[in-house]
Amino acid sequence: MTERPILLVEDNPDDALLTVRAFTKNRIRNEIVVATDGEQALLRLLPAEGEALRPALILLDIKLPKIDGLEVLRRIRDDERTRNLPVVVLTTSNEERDVVTSYTLGANSFVRKPVVFEEFVAAVNALGVYWLIVNEPAPLG
Amino acid sequence: MSTGTRPPVRVGHEQLMALIDHTSAVIYMRDVDGHYLLVNREYERLFDLHREDIVGLTDHDLFDGPIADEFRANDLAAIARGIPLQVEEQAPGEDGMHTYVTVKFPLHDEAGHAYAICGISTDITARKRAEEEVRRLNDELELRVRQRTAELEASTRELDAFAYSVSHDLRAPLRSLEGFSQVLLEDYAGDLAEEAQGYLRRIQANTGRMAQMIDDLLHLSRATRSQLRRDRFDLSALAREVVAEIADPERSVTWNISDNMAAQGDPHLVRLVLQNLLGNAWKFTAHTPEPVITVSVHPQSGVDVFEVRDNGAGFDMKYADKMFDPFQRLHSAGEFEGTGIGLAIVHRVITRHGGRIVAEGTVGEGAAFRFSLTPAPADWELR
């Protein structure tokens with residue numbers, strides 16, 4: 001199991017808190033770094049200077065202040081330093097165009113956040129098991 | 001006409017003048033310099049002049065410069081061509097400018113030189129004005145259609161933005177309500193009386209219900225705004241897929257789904273219809289000892305009529321019309337769950353296809369929904 005952190009891009013503090021709790025409940029102990037808008041996420045992943053974050057998994061909301069999630073995804077895929085990082089779009093919407101655009105831009109997965117917390121815990125567990133244990137990530141360049 | 005026995009009739013100037021005086025066309029003759037040689041009675045009537053006063057004058061004496069110039073130019077063109085020339089000309093009339101279709105032709109002397117020009121003008125103003133009116137109405141209609149289309153597009157865009165915002169923004173607070181209620185139940189169960197925990201579960205049940213309503217409303221809006229496709233598809237296969245989604249193996253229900261039911265329509269939208277109709281049938285047979293749900297097709301004067309029938313709770317026929325309205329429910333939430341939007345979605349999808357739907361039910365015996373997916377003649381009635 002990888003020790004690298006998880007980057008959670010989420011502007012709603014309640015959702016961030018519940019997501020962290022869902023990981024904790026599933027005994028996933030990777031550090032969770034929260035970026036509260038798209039700009040912050042890009043600053044962590046592609047900083048002008050200083051150490052860049054190379055998370056094991058990026059959980060990306062679509063509707064975000066400043067730079068929205070789809071634009072963040074586009075820039076992650078455009079830069080060879082972040083191109084191979086797994087990105088799971090974790091959002092409220094299941095609008096077809098959001099799903100399609102996400103995959104077109106290179107999302108690895110699209111998950112609609114369930115309203116019922118127990119279902120959300122189950123979804124986070126599945127994501128954690130798959131992306132942190134089952135999946136073999138691309139080597140860090 | 002000639003019989004051979006009658007004396008020959010001499011046709012001279014008088015007779016020819018009588019002929020041209022009794023036509024509704026305007027007839028005139030001018031010399032090559034434009035001086036009038038002759039006009040008919042219609043010409044006199046039209047311009048309220050006597051022929052004696054006109055002879056010797058030119059059009060420049062009778063009409064405004066630009067009009068006279070145009071007449072003269074057409075005269076010269078006819079002389080130059082040497083053969084009859086047809087042109088449209090404008091001349092002032094009692095009620096504004098009139099349009100004439102005019103034939104002009106030169107008269108030649110024995111040496112072949114043109115010495116006069118004849119004109120025969122027919123008033124086509126009424127036709128012109130009618131044509132103009134048709135063109136104006138067409139332009140107006142087209143403009144109105146463009147305006148309406150733009151308005152419709154704008155309202156669809158608004159609806160789209162609204163639905164998008166609903167799907168994003170209304171669900172987020174529900175997740176907090178649901179999630180933190182769960183946190184309280186998990187982390188503070190020891191501090192909470194059994195009754196308090198029950199209230200939290202009620203909060204959770206209601207947030208779940210509201211989430212379901214939001215999803216149903218989104219489906220309703222999608223059924224309205226998405227582009228309608230017309231594909232041929234296998235409704236039997238679609239119905240079986242939907243059954244696999246909704247059927248819970250803990251309940252035993254007999255499903256009779258006819259084979260090879262071919263349909264024409266939008267499979268994504270018809271899936272919503274089947275999800276709701278079969279979902280209802282499933283739901284309302286919950287208390288039925290031997291539930292049977294049937295999906296079949298019955299051609300009715302050339303139109304395929306699909307039917308979803310169950311032997312469940314049924315409904316009172318006096319509510320049959322109301323049940324397709326949004327948020328209309330015929331059962332209490334305690335009896336059967338539901339948001340009251342499902343049949344509104346069904347109705348919307350079928351209406352968009354140009355089809356019809358009718359519901360038939362008997363309390364305690366079951367319900368049947370029959371629908372068509374293709375436009376039918378106006379006098380066609382779904383039975």
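Contact means heavy atoms within 4.5 Å. The model used in these exercises is predicted.

**Exercise 1. Domains of chain B**

Task: State which domains chain B has, and how far apart the C-alpha centres of domain 1 and domain 3 of chain B lie.

Solution:
- Start with the domain assignment. In chain B, domain 1 covers 13-123, domain 2 covers 125-225 and domain 3 covers 228-383.
- Then take the centres. Those of domain 1 and domain 3 of chain B are 78 Å apart.

**Exercise 2. Helix 10 of chain B**

Task: Find the buried residues of helix 10 of chain B. Then name the elements they pack against.

Solution:
- Locate the helix. Helix 10 of chain B spans residues 342-352.
- Apply the cut-off. Buried means under 20% relative accessible area.
- List the residues. B:Gly342, B:Leu343, B:Ala344, B:Ile345, B:Val346, B:Val349 and B:Ile350 are buried.
- Look for partners. These buried residues pack against two kinds of element in chain B: helices, namely helix 7 (194-225) and helix 9 (267-284), and strands, namely strand 11 (357-362) and strand 12 (366-371).
- Check what follows the helix. B:Gly354 comes after helix 10 of chain B and has a positive phi, near 85°.

**Exercise 3. Positive phi without glycine**

Task: Place B:Asn260 and B:Ser301 in their loops. Are B:Asn260 and B:Ser301 buried or exposed?

Solution:
- Take B:Asn260. Its phi is positive, about 50°, yet it is not a glycine. B:Asn260 sits in the loop between strand 7 (254-257) and strand 8 (262-265) of chain B.
- Take B:Ser301. It is not a glycine either, and its phi is positive at about 35°. B:Ser301 sits in the loop between strand 9 (292-300) and strand 10 (303-310) of chain B.
- Compare with the cut-off. Exposed means over 50%. B:Asn260 has a relative accessible area of 67%, so it is exposed. B:Ser301 has 61%, so it is exposed.

Notes:
Residues are numbered from 1 along each chain as its sequence is written. Chains are lettered from A and ligands numbered from 1 in the order in which they are written. This is a predicted model: local features need pLDDT of at least 70, side-chain atom pairs count only at pLDDT 80 or more; totals for chains, interfaces and linings use all residues. Side-chain values use heavy atoms; hydrogens and water are left out. Domain bounds come from an automatic or database domain assignment. Buried means under 20% relative accessible area, exposed over 50%, partly exposed in between (1.4 Å probe, protein chains only). Helices (H or I, at least four residues) and strands (E, at least two) are DSSP runs, numbered from the N terminus.
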